[in-house]
Amino acid sequence: MRLGDNAALAAALATGLPVIPIFLWDSEHDNAIAPGAASCWWLHHSLLRLVQSLQAHGSRLIVRRGPSALTLAALARETESARIFCNRVVNPTAPSDTSLAGRLRAEGISLETCTPSLLFEPGSIRNTSGGPFQVFTPFWRACLNQRASIPAPLDAPQHIPPSPSWPRSLTVADLDLEPRIDWAAGIRAAWSPGEAAALSRLQSFRPSLTEYATERDRPDHEGSSRLSPHLHFGEVSPARIWHSLAGCPGAEPYLRQLAWREFAHHLLSEYPHTLQQPFQPQFRHFPWRRNRRLLRAWQKGRTGYPIVDAAMRELWTTGWMHNRARMIVASFLVKHLLIPWQDGAAWFLDTLVDADLANNTMGWQWVAGCGVDAAPYFRIFNPVLQGEKFDPQGDYVRRWLPELGALPAEHIHQPWNAPPLVRTAAGVHLDSNWPLPIVDHAQARAAALAALSEMKAAAR
Ligand code: FAD
């Protein structure tokens, strides 16, 4: 979704021939995890920006829908093209580029692929035995050792030679990505999709880099870059971010987070089954509980724990959630409610504007304790203490839960323990305008540890 640092576009331009930019919407393949509603909203607007940008460069975007191999082959025949260039992303549910290349080759068409969505090709960062890393810190060290291979970002082309005759195209609206009922006002107010917005966010974040290490963990502050949806949709490349920030004071903790993204993508490419299955096989025996009522309460931000509910409302309203808050709500779902991490991951995939198969899978498995280099399951976040530590004044809670807005900071993370007079003065009425906690922390913790023991016994 960008013209700058777009390896496939650059390779096509290097042929010196006219270039036909294509967006192919192949949502029909088997096993596909359909993009969620918030992702579709973003994609629609990002495509509109791309169309404008291509037009400004003398070109167009040809939009088609259908199965990849058939649609591309038909388009190549129509336009007498023999070479297709594409940018690869890690998505185990999409047709693999080797199978696609094989099917196109049979039609006399070559498919040339690049991976500018990552800093390093999956499979290129190996441990001393030649295998994939399963622990982040040595992976990060290996990335640093290979940083010289991160290509310098390419500028956007000045001009794209147009096709002498353009093939027919759908419009972006024909893809039906926008919601029929407009629920996206909060997302629209919070975000601006597209390459120009991504680059401007990168620019405006740069001065905050020096405070990133301390600020990134505070959901009540704007301490992180919020580049995740732009990165997910390829509106800015990780190589551009790397080269524009590396060497700046305070850059290392930030680049380390970018390497977590890299780690997630390399892992998913290596272990595609982890999209649905736990990386640690013993977790297949975990006694998860399926409870629709509790799942709904979590989704709607009605658990009674303010930090959890504030985060779930932030997600519902803006399509994004702070990383610390993601860890807290995910932990609450899998450890306090014992609901399978896959159910939480599915909700995130539907509601996040940065919904990303690799990052989301790694994040959920990390929290659930069943992933690679994961937090141990027995470490169970106390949502009250997490709130008090990372939102000490309660500003984050107040922003998303106005019904608790008048509670003083010392009570805001546990309204049920506030003196009744303080609650009444703040207009907070338990079980009326504020729910009682849906589970008791101490009991939930004991149940989670018992479930862990049960799993271990079953796995023996
Ligand atoms: P910054 O702190 O500014 O970091 C810069 C970039 O580094 C991010 O944009 C992101 O691309 C990458 N990054 C940062 N932290 C992580 C991380 N822990 N794992 C992988 N990459 C990271 N991120 C997604 O992009 N999509 C998801 O679907 C997603 N689901 C998650 C689910 C759970 C349960 C958890 C715990 C984390 C998830 N993350 C996901 C990772 C992380 O929360 C977001 O990338 C981050 O909050 C985005 O905010 P930012 O751009 O301000 O990050």
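**Reading loops, burial and a ligand site**

Student: Where is the place of Arg226?

Tutor: Arg226 is in the loop between helix 8 (212–215) and helix 9. Helices here are DSSP runs of H or I with at least four residues, strands are E runs of at least two, and both are numbered from the N terminus. Keep in mind that this is a predicted model, where local features need pLDDT of at least 70, side-chain atom pairs count only at pLDDT 80 or more, and totals for chains, interfaces and linings use all residues. Residues are numbered from 1 along each chain as its sequence is written, and side-chain values use heavy atoms, with hydrogens and water left out.

Student: Is Arg226 buried or exposed?

Tutor: Buried means under 20% relative accessible area, exposed means over 50%, and partly exposed is in between (1.4 Å probe, protein chains only). Arg226 comes out at 14%, so we call it buried. Its backbone deserves a look too: phi of Arg226 is near 55 degrees, a positive value in a residue other than glycine.

Student: What about the phi of Asp5?

Tutor: Asp5 isn't a glycine either, and its phi is positive, at about 45 degrees. You'll find Asp5 in the segment before helix 1 (7–14). With a relative accessible area of 8%, Asp5 is buried.

Student: Now the ligand. How many residues surround the ligand, and which are the closest?

Tutor: A residue is near a molecule if one of its heavy atoms lies within 4 Å of it. Here 28 residues surround the ligand. Our friend Arg226 is among the closest, together with Tyr212, Ser224, Ser225 and Asn323.

Student: What polar contacts does the ligand make with Tyr212, Arg326 and Asp354?

Tutor: Look for pairs of N or O atoms within 3.5 Å. In the side chain of Tyr212, an N or O atom is 2.5 Å from an oxygen of the ligand. The side chain of Arg326 offers another such pair, with a ligand oxygen 3.3 Å away from its N or O atom. Asp354 joins in through its backbone: a polar atom there is 2.8 Å from a nitrogen of the ligand.

Student: How much of the ligand does the protein bury?

Tutor: Accessible areas come from the Shrake-Rupley method with a 1.4 Å probe. Taken alone, the ligand exposes 820 Å², and the protein buries 95% of that. Four helices each give two or more residues to the shell around the ligand: helix 9 (228–232), helix 11 (251–270), helix 14 (323–336) and helix 16 (357–368).

Student: How many disulfides does the structure hold, and why is Cys248 not bonded to Cys143?

Tutor: A disulfide is a pair of cysteine sulfur atoms within 2.5 Å. The structure holds 0 of them. For Cys248, the closest cysteine sulfur is in Cys143, and it is too far for a bond because the gap is 19 Å. Cys248 is partly exposed at 24%, whereas Cys370 is buried at 0%.

Student: How can I compare spacing along the chain with spacing in space?

Tutor: Try C-alpha pairs. Gly344, in helix 15 (residues 341–351), is buried at 0%. Gly344 and Leu421 are 77 residues apart along the chain, and their C-alpha atoms are separated by 37 Å. Val89 sits in the loop between strand 3 (83–87) and helix 4 (97–105), and at 57% it counts as exposed. Val89 and Asp431 are 342 residues apart in sequence, with 47 Å between their C-alpha atoms. Lastly, Gln443 in helix 21 (residues 441–459) is exposed at 59%. From Gln443 to Gln52 you count 391 residues in sequence and 56 Å from C-alpha to C-alpha.

How values were computed. Polar contact = N/O pair within 3.5 Å; in protein donor to acceptor, adjacent residues only side chain to side chain.
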